[in-house]
Amino acid sequence: MSKTKEYEEEKCQVFKNMKIRSKMLVSYLAMTLLLIIVGVASMIMLQQVSGKLQQFYDQQFHTVENALDMRRTIFSARGNMLASILAYDDSYVVSAKNDFANLYNLLGDIRTTYQGDKSQLTTIKQNLEKAGASLSQVLDLAKQQRDDEAIAMYKANYKPYMDSTRDILAQVGDTAGV
């Protein structure tokens with residue numbers, strides 16, 4: 001016989017000659033060693049994932065959240081403007097103006113965390129300035145019950161800028177969420 005085969009048979013013979021208690025002890029030690037290895041590997045992976053999740057929360061999550069809040073606020077301002085045209089009420093006007101002012105606050109928050117193309121944020125600010133110029137005019141026309149003129153101005157001078165802003169915010173949210 002070859003030496004390798006003799007060595008293997010000798011190892012098997014040693015294991016066969018062990019008492020059941022010893023065999024069980026060896027098998028439990030082997031399982032315990034595997035469990036420790038798996039546990040340590042899991043802990044290392046968990047720490048890595050935790051670090052990445054914290055980074056996402058610190059940066060991208062806030063950007064996505066603020067972009068979504070800003071989009072909701074655009075719709076809220078739009079709804080309040082249209083409600084004031086339909087049935088004028090000072091509460092709609094105040095809400096529309098507050099919503100519009102809040103858009104600047106949200107844009108400032110996005111600027112602090114957004115890591116993408118900053119020119120998008122500049123375009124949003126320009127759109128807000130252009131739409132803001134017509135906001136008061138639309139609300140004044142609504143107050144005077146000149147609804148047709150208010151709707152026409154809304155469609156021509158407010159809505160296009162806010163639609164563009166909404167689309168850019170969707171891109172900002174998508175870019176930040178990646």
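**Note on helix packing, core and salt bridges**

1. D69 counts as partly exposed, because its relative accessibility is 24%, and a residue is called buried only under 20%. The reader should keep in mind that the model is predicted. The side chain of D69 takes part in a salt bridge with that of R72, with 2.1 Å from N to O. Both D69 and R72 belong to helix 2, and three residues, about one turn of the helix, separate them.

2. How many salt bridges are there by the rule applied here? The count comes to six. One of the pairs is E149 with R146, whose side chains meet at 2.6 Å, N to O. The relative accessible area of E149 is 40%, so E149 is partly exposed. R146 is likewise partly exposed, because its relative accessible area is 35%.

3. Another pair is R166 with D163, where the closest N and O atoms are 3.2 Å apart. Both residues lie in helix 5, three residues apart, which is about one turn of the helix. Is D163 buried or exposed? D163 counts as buried, because its relative accessibility is 17%. The salt bridge of R166 and D163 also has a wider setting: a network of salt bridges links R78, K159, D163, R166 and D167.

4. The packing of helices 3 and 4 deserves separate comment. Two packed helices are described by the distance between their axes and by the angle between them. For helix 3 (residues 90-113) and helix 4 (residues 118-143), the axes come within 11 Å and cross at roughly 170 degrees. Helix 3 is therefore roughly antiparallel to helix 4, since angles over 145 degrees are placed in that class.

5. Which residues form the contact between these two helices? From helix 3 the participants include V93, A96, F100, L103, L107 and I110. From helix 4 they include L121, I124, L128, A131, L135 and L139. By class, the contact of helix 3 with helix 4 has 13 nonpolar, two polar and five charged residues. Among the residues that take part are K97 and R111 of helix 3, and K118, K125 and E129 of helix 4.

6. Y104 is a useful single residue to inspect at this contact. Y104 is found in helix 3 and touches L128 and E129, once its neighbours within four places in sequence are left aside. With 32% relative accessibility, Y104 counts as partly exposed, because the value is not under the 20% needed for burial. The C-alpha atoms of Y104 and M70 are separated by 9.0 Å, although the two residues are 34 residues apart along the chain.

7. In soluble globular proteins, nonpolar side chains tend to be buried together. Here the largest nonpolar core has 31 residues, and those with the most contacts inside it are M70 and Y158. Two or more residues are given to this core by each of helix 2 (20-86), helix 3, helix 4 and helix 5 (147-177). Which element gives the most? Helix 4 does, with nine residues.

8. Y158 can be followed to its partners. Apart from neighbours within four places in sequence, Y158 is in contact with A77, M81, F100, A131, S134, L135 and M153. One of these partners, S134, is found in helix 4. S134 counts as buried, because its relative accessibility is 3%. With its neighbours within four places in sequence set aside, S134 is in contact with M153, N157 and Y158.

9. P160 lies in helix 5. P160 counts as partly exposed, because its relative accessibility is 38%. Leaving aside its neighbours within four places in sequence, P160 is in contact with Y154 and K155. From P160 to T123 the C-alpha separation is 13 Å, with their positions 37 residues apart along the chain.

10. The final point concerns the loop between helix 4 and helix 5, where Q144 is placed. Q144 counts as partly exposed, because its relative accessibility is 47%. C-alpha to C-alpha, Q144 and Y88 are 8.9 Å apart in space, while in sequence they are 56 residues apart. Q145 has its place in the loop between helix 4 and helix 5 as well. What is the phi of Q145? The angle is near 65 degrees, a positive value in a residue other than glycine.

Terms used. Residues are numbered from 1 along each chain as its sequence is written. This is a predicted model: local features need pLDDT of at least 70, side-chain atom pairs count only at pLDDT 80 or more; totals for chains, interfaces and linings use all residues. Side-chain values use heavy atoms; hydrogens and water are left out. Axes are lines fitted to C-alpha atoms, for helices over the stretch in contact, and angles run from 0 to 180 degrees between N-to-C directions. Helices (H or I, at least four residues) and strands (E, at least two) are DSSP runs, numbered from the N terminus. Angles under 35 degrees count as roughly parallel, over 145 as roughly antiparallel, 65 to 115 as roughly perpendicular and the rest as oblique. Contact means heavy atoms within 4.5 Å. Ala, Val, Leu, Ile, Met, Phe, Trp, Tyr, Cys and Pro count as nonpolar, Asp, Glu, Lys and Arg as charged, and the others, Gly among them, as polar. Buried means under 20% relative accessible area, exposed over 50%, partly exposed in between (1.4 Å probe, protein chains only). A nonpolar core is a set of buried Ala, Val, Leu, Ile, Met, Phe, Trp, Tyr and Cys residues joined through side-chain atoms within 4.5 Å. A salt bridge is a side-chain nitrogen of Lys or Arg within 4 Å of a carboxyl oxygen of Asp or Glu.
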